[in-house]
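Work through the exercises below with the model open. Each task is followed by a stepwise solution.

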Amino acid sequence: MATLHLEFVSPESVLFSGEVDQVDLPGAEGDMGILPDHAPIVTALRPGIVTIFRGSAREPVVVIGGFAEVSPAGLTVLADRAVARADFDMAVLAGEIKDAEEDVADSKDDADRDRLARHLDQLSRCRRRWRSSAAASRSMTASHPALAKPANSDATRS
């Protein structure tokens, strides 16, 4: 099976570098799945979850903005901020939303206020999706205990 080369970086570190089967991205214009031999594209990322697929493993990573580029060499994700979903702290997102609300309220320029309001909306949607997916995950593992993730099953990063 063909694979896709992924370089996933944030300002703090290289989060992942290696071969994958698929990557799902929260693109600015909508969610998208990137497979091997995808057409070249560049997109902004909205706050959301990037899911990396390798074999039967899925590794979700929360991103707060960034860019993605698909080229013949593979996929490069440049995240403004990123953290493994298991390590994500909702208090951080709540703080981002509070700061965005204050920025919108303080803005004097209409164009700037519109841009800030769109960012606030994206953050709020991310929180709603996070809550609904977390509730669905809890419901699924409660009704199907075999789906619960063992304590030390984190995928090893390349």
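**Exercise 1.** Is Arg-54 buried, partly exposed or exposed, and what is its relative accessible area?

Solution. First, the ground rules. This is a predicted model, where local features need pLDDT of at least 70, side-chain atom pairs count only at pLDDT 80 or more, and totals for chains, interfaces and linings use all residues. Residues are numbered from 1 along each chain as its sequence is written, and side-chain values use heavy atoms, with hydrogens and water left out.

Step 1: set the classes. Buried means under 20% relative accessible area, exposed over 50%, and partly exposed in between (1.4 Å probe, protein chains only).
Step 2: read the value. Arg-54 has a relative accessible area of 21%, so this residue is partly exposed.

**Exercise 2.** Find the salt-bridge partner of Arg-54 and classify that partner.

Solution. Step 1: apply the criterion. A salt bridge needs a side-chain nitrogen of Lys or Arg within 4 Å of a carboxyl oxygen of Asp or Glu.
Step 2: name the pair. Arg-54 bridges to Glu-59, with the closest N and O atoms 3.8 Å apart.
Step 3: classify. Glu-59 has 10% relative accessibility and counts as buried.
Step 4: count. This rule gives six salt bridges.

**Exercise 3.** Compare the settings of the salt bridges Arg-113 to Asp-110 and Arg-115 to Asp-112.

Solution. Step 1: distances. Arg-113 and Asp-110 meet at 2.7 Å, N to O. For Arg-115 and Asp-112, the closest N and O atoms lie 2.5 Å apart.
Step 2: spacing. Arg-113 and Asp-110 are three residues apart in helix α2 (residues 110–143), so about one helical turn separates them. Arg-115 and Asp-112 are also three residues apart in helix α2, again about one helical turn. Helices here are DSSP runs (H or I, at least four residues), and strands are E runs of at least two, numbered from the N terminus.
Step 3: exposure. Asp-110 is exposed at 51%, while Arg-113 is partly exposed at 27%. Arg-115 is partly exposed at 44%, and Asp-112 is partly exposed at 27%.

**Exercise 4.** Which elements give two or more residues to the largest nonpolar core?

Solution. Step 1: define the core. It is a set of buried Ala, Val, Leu, Ile, Met, Phe, Trp, Tyr and Cys residues joined through side-chain atoms within 4.5 Å.
Step 2: size. The largest core has 20 residues, and those with the most contacts inside it include Leu-6, Phe-8 and Ile-52.
Step 3: elements. The contributors are β1 (4–9), β2 (14–20), β3 (22–27), β4 (30–34), β6 (48–54), β7 (57–63), β8 (66–71) and β9 (74–79).
Step 4: the other core. A second, separate core of 11 residues includes Leu-93, Ala-100, Leu-116 and Leu-120.
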